[in-house]
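Reader: Could you take me closely through one part of this model, the open sheet, and then relate the sheet to the packing elsewhere in the chain? I would like a connected account rather than a list.

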Amino acid sequence: MDPGAPVTSLPGVGPKLAGKLRALGIARVRDLLLHLPRRYQDRTRIAPIGTLREGDDAVIQGTVDLAQVRYARRRMLLVRVSDGTGALLLRFFYFNAAQQARFQRGATVRCFGEIRAGPQSLEMIHPEYRLLDPAQPAPVEETLTPVYPATTGLSQHSLRKLISQVLQSLRDAASPRDFAELLPEEALDNERWPTLMEAIRYLHQPPPDADLARLRRGEHSAQQRLAVEELTAHQLSLRALRHTLRRRRAPALRGDQALRRRLLANLPYALTGAQKRVLEEIQHDLEHAQPMLRLLQGDVGAGKTVVAALAALAAIECGFQAAIMAPTELLAEQHQRNFERWFAPLGVPVLLLTSRLKGAGRQRLLEHIRERSPAFIVGTHALFQDDVAYGRLGFIIVDEQHRFGVEQRLALARKAGDSAAEETAHQLIMTATPIPRTLAMTAYADLDVSVLDELPPQRLPMQTVVIPDHRRAEVVARVHAAIREGRQIYWVCPLIEESEIIESEAATETAGVLAQALPEARVGLIHGRLKENDRDAVMRAFAEGNIDLLVATTVIEVGVDVPNASLMVIENAERLGLSQLHQLRGRVGRSAARSDCVLLYHPPLSAAARARLRCMRETHDGFVVAQRDLELRGPGELLGTRQTGLCQMHIADLFRDHALVPRAQRIAARMLEAHPDRVPLLIQRWLPDALHYGSV
Ligand code: ADP
Ligand code: MG
């Protein structure tokens, strides 16, 4: 079997199943092997019923004492099973006559399921079950049972079957072509790590005595072994990417400064020292024909946008186009307003391209973009859709990079310039996620870094208070007082469940309650389910001061800038991660006025949540928050990079595995030195899409 072959080459995998697998990111046989279990079940032993506790997942086996259909609000089948140590009830709500008939008194049944405390005895609701022929041997599982990340229409059973089939067929091949050991032997020996195939096999089929707690924490040597390999591959691919991009040429942008001077003169403030320094770093890069690849890190509110605008003018002065990519339409529209205000007096056209624009309007805009005349283009990921071609793109700004993957950045870079002429655009990546250094070195190994480490002046320190939600009335009174002082307020209702619908409903309800409590306040509402037009209108009204209190979901998390807003209330703050809280809080404190943040929580607090809220109260420095975030993210507690979108990986999690990063760097360096031939193979294994990087 060839691990590089498409999954459709496996027996039983047709186009339909392949489609489901693709939804999980599985295209080839190899991807199946790297699709690792989220957790495990122990079906290797039969548990005596008398020893079970509520919450256990267990296999039991016993004799059917009684099976009967009952009506208690709904129809259900109850089956009592006993094994000599105790008795247990099986409860089925969906069953047919044939199923019912098979639960004969005296029959032997084996079940797997979660143990729950029922009204009379312990129960299993809809367990997996099998009726056994006592004369036939019925072996239990030999390994722990993996539970995979799955998707609708794709059962655990079919995933398990597929993966164990692949593992079985690879058993004979000592080292299947795609899974040859690529890490330098020295690295492995030092660590006593298992080989690649051993690690993969172990994680799909752990032996009954495997340390489940360790596996749950992601600390098992098999997991660490794979994580370090993935981190190494990532490191190498970013370095290769940098290398490829840097071999290209970009326009040397040595403008006459005229537009930049005019914008500076028109600004109502002077740049901070940090803004000046960073702008100089950027301009220095832009003046050279080697493409800039620079990350601009700056805490929320540090003033990154105006720096980006000045840098963009360097390109425009030389007759080039410049573009900014924002992660949301809301933010794109805000940028459009800002840049319009700055650039219109300079005679520089600002074009907004979002996926919302359709038909003739879109066609006209695309034609304008195709022209070789200077312009500034604002958009979302719509900027790199297939039908968009740039006349003369010299400079790309990516705002709030943590919301974009490397791939999206590359797609845009690929569009810039003339690939036949080996030309590309300069890139400036901006992020307000001040990630600690070790993570930055991995996530952005391909970039030079500038740091905006100074907030604009005359900002009064912000006050953050933490209040239990039964004292909500006090908070409402505070909002009332703030409105009377002419301040504007955000009231954020973050998601309580993983659903945009529920989140939006919660916000709608809160807005209603607040409007009632504050009859003279102008209350606005913004959430993800609002139509773009309405969302835009609400945001504009808030920005123009026509709304006092804006009730919002986390859609306002990134980038939104309304300087007059000076009070932020965040409900259910205990459910949010530190970085997210910090981002949200960054929406206020953007002017010389005093600002406050109220974190409402629902008691009781877990120890971790308490520590997070304390950190928010004690510091307003994004880098300190980021460092604490890293320390507080215990395994299992909050999600790591997968949620922050910092850097998507199969196995490694930059937060959980940050201690492995220096090792991965050493291994990467060693591979470049001693085994350069293995580098592309390793990248290909973990980041198959990186192959396209070559064509950037
Ligand atoms: P972020 O870095 O979070 O993207 P923004 O670019 O949105 O921050 O800027 C935050 C606010 O600070 C804006 O209202 C902007 O007008 C203001 N600002 C930016 N630079 C300065 C400065 N040098 N002096 C005063 N205010 C500034
Ligand atoms: Mg911003």
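Author: Since angles between elements come up below, I begin with how they are taken: axes are lines fitted to C-alpha atoms, for helices over the stretch in contact, and the angles run from 0 to 180 degrees between N-to-C directions. The model is a predicted one.

The sheet is open and is built from 7 strands, which follow one another in the order β12-β13-β11-β14-β15-β10-β16 with parallel pairing. Its edges are held by β12 (350-353) and β16 (448-452), and because each of these has a single partner strand, one side of each is left without a neighbour in the sheet. From one strand to the next the twist averages 20°. At the β12 edge, the partner is β13 (residues 376-379), and the two strands pair in the parallel sense over 4 bridges; within this pairing, L352 has V378 of β13 as its bridge partner.

Two helices can be placed against these strands. Helix α13 (residues 359-370) lies across β11, β12 and β13, and its direction makes an angle of about 130° with that of β12. Helix α11 (residues 304-317) lies across β10 (293-298), β11 (321-325), β13, β14 (393-398), β15 (426-431) and β16, and runs at about 170° to β14.

Aromatic residues add detail to this part of the chain. Ring pairs join F339, W342, F343 and F376 into a cluster, and F376 belongs to the range of β13. Within the cluster, F339 and W342 make an edge-to-face pair, with 5.4 Å from centre to centre and 80° between the planes. These two residues are 3 apart in helix α12 (residues 329-343), and are therefore separated by about one helical turn; F339 and W342 are both buried. A charged side chain also meets a ring here, for R392 lies over the face of F320 at 4.2 Å from the ring centre.

The packing elsewhere begins with the largest nonpolar core, which has 56 residues, and in which L21, L32, I200, L226, L231, L682 and W686 have the most contacts. At least two residues of this core come from each of α1 (15-23), α2 (29-33), α4 (156-171), α5 (185-191), α6 (196-204), α8 (221-247), α23 (661-674) and α24 (679-686), and the largest share, 7 residues, is that of α8. Helix α6 is mostly covered, with 7 of its 9 residues buried, namely L196, M197, A199, I200, R201, L203 and H204. Beyond its neighbours within four places in sequence, I200 is in contact with L33, L34, L167, F179 and L226. A second core, separate from this one, has 43 residues and includes V307, L310, F320 and V378. The last of these, V378, brings the account back to the sheet, as the bridge partner of L352.

In all, the aromatic pairs number 8. One of them joins F92 and F103, whose ring centres are 5.7 Å apart and whose planes stand at 40°, so this pair is tilted. Since F92 lies in strand β4 (residues 87-92) and F103 in the loop between α3 (97-102) and β5 (108-114), the pair ties together parts that are 11 residues apart in sequence. Both F92 and F103 are buried. In β5 itself, whose range takes in F112, the ring of F112 has the charged end of R43 over it, 3.8 Å from the ring centre.

Terms used. Residues numbered from 1 in each chain as written. Chains lettered and ligands numbered in written order. Predicted model: local features only at pLDDT ≥ 70, side-chain atom pairs only at ≥ 80, totals over all residues. Heavy atoms only, no water. Pairing = 2+ DSSP bridges. Contact = heavy atoms within 4.5 Å. Core = buried A, V, L, I, M, F, W, Y, C linked by side-chain atoms within 4.5 Å. Buried < 20%, exposed > 50% of the residue type's maximum accessible area, 1.4 Å probe, protein only. Phe/Tyr/Trp six-rings, centres within 6.5 Å; stacked < 30°, edge-to-face > 60°. Lys NZ or Arg CZ within 6 Å of the ring centre and 35° of its normal.
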